[in-house]
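Dear colleague,

I am handing over the structure below, and I would be glad if you could look through it alongside these notes. What was found follows after it.

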Amino acid sequence: MHPRLRTLSLISIVALATILTSATFAQTDSQPEQFQRTFTVTPAATLNIENYKGTIHVTGSDSNQVVVDVHKRFEGSDADRKWWMENVKINFRNDPSTVEIKVDYPSQTWNCMFCWRDHNFTDEVDLEIRAPRQISLKLDGYKPDIKISSVQGDVGIKSYKAPMLIESTRGAIHIDTYKDTIRLRDVTLNGPLEVKSYKADLEVSANALGPTADLETDKGSIVLRVPEDAGLDVDYSGGRRSSFHSDFNLSASMSDSESVRGTVNRGGTRVRLRTEKGSISLEKLPRGL
């Protein structure tokens, strides 16, 4: 190759590398403490959220947009604050049918400028989200405060010890968690209800149940409230340290100290209730709730 052509080729490569590097930096620039992102989605879209702690609050609205308000909260020294703000990242991916939000928290030893001393700070990312009512949710987090209201799609949650409030929803609900409190209020199930927990306390006030309700805890409590005219096929099983109560007259096919099987109002929703050392109560939903 002619020397001049070789020089031009080298210049072109360097220029291309500079452009690509600039593009990468543009994607990884530090984000402000508070900001907003908006995404337009098709009907019946899915919203996936992963946030280790902080909050995940989702409210349904009459819109075709997912609006995400992000607030990064930090309490600590100025040096740690600067490092944390620069390195915590809220990542977004979207297409017309899906919006994904993932919060990446920095490791406390990621920047070795601070490795010589202990960190003493609190930090979290709060997500306040407005989404179309017809949206399905998949949430994943260790201990975020979770609130969901006024959505009409399926809800799936995995957490460790996240307090939850789900209200005025219509769809299936699947929850897998460890402990804390779970409150389902004014919910209408047109799909399965499934809650598995270890030490969590669960309260469900359902206007209607779908084909199945599967509620399971080891040491926590479960209260399931349904309309007095609800048709149920009840299957309860508990350990020697557990307890079961029902406001309904059960036409029992089997009943002893550790298990009950029977029907309510000639049967209907298959209700499976399991506990090892907790309490389970099947109650009539008060009128007007």
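I begin with helix H2, which spans residues 78–87 and in which Asp-80, Trp-83, Trp-84, Met-85 and Asn-87 are buried. Please keep in mind throughout that this is a predicted model. The cover over the buried residues of H2 includes strand S4 (65–75), strand S5 (89–95), strand S6 (98–104) and strand S7 (122–132).

For the wider setting, the protein chain contains two helices and 23 strands. Of its 289 residues, 42% are buried, and the chain exposes about 15600 Å², of which carbon and sulfur atoms supply 47%. Among the contacts in the chain with a separation of 6 or more, 53% are accounted for by residues 24 or more positions apart.

Turning to single residues, Arg-274 lies in strand S22, which runs over residues 269–275. Is Arg-274 buried or exposed? Arg-274 counts as buried, because its relative accessibility is 17% and the cut-off for buried is under 20%. Leaving aside residues up to four places away in sequence, Arg-274 touches Leu-215, Glu-216, Thr-217, Ile-222, Asp-235, Tyr-236, Ser-237 and Ile-280.

Lys-161 is placed in the loop that lies between strand S10 (155–159) and strand S11 (164–167), and with a relative accessible area of 30% it is partly exposed. When residues up to four places away in sequence are not counted, Lys-161 touches Tyr-142, Lys-143, Thr-177, Lys-179 and Asp-180. You may also wish to look at Lys-161 together with Lys-53, since the two are 108 residues apart along the chain, while their C-alpha atoms are separated by 9.9 Å.

The last item concerns the surface, where Lys-199, Lys-219, Arg-240, Arg-241 and Lys-277 form a positive patch. One of these residues, Lys-199, is found in the loop between strand S14 (193–196) and strand S15 (201–208). Lys-199 counts as partly exposed because its relative accessibility is 35%, a value that falls between the limits of 20% for buried and 50% for exposed.

With kind regards

Note on methods. Residues are numbered from 1 along each chain as its sequence is written. This is a predicted model: local features need pLDDT of at least 70, side-chain atom pairs count only at pLDDT 80 or more; totals for chains, interfaces and linings use all residues. Side-chain values use heavy atoms; hydrogens and water are left out. Patches are made of residues with over 30% relative accessible area and no salt bridge: like charges are joined within 9 Å, nonpolar side chains (Val, Leu, Ile, Met, Phe, Trp, Tyr) within 5 Å. Accessible areas come from the Shrake-Rupley method with a 1.4 Å probe; for residues, only the protein chains shown count as cover. A salt bridge is a side-chain nitrogen of Lys or Arg within 4 Å of a carboxyl oxygen of Asp or Glu. Lys and Arg count as positive and Asp and Glu as negative; His and the chain ends are not counted. The place of a charge is taken as NZ of Lys, CZ of Arg, CG of Asp or CD of Glu. Helices (H or I, at least four residues) and strands (E, at least two) are DSSP runs, numbered from the N terminus. Buried means under 20% relative accessible area, exposed over 50%, partly exposed in between (1.4 Å probe, protein chains only). Contact means heavy atoms within 4.5 Å.
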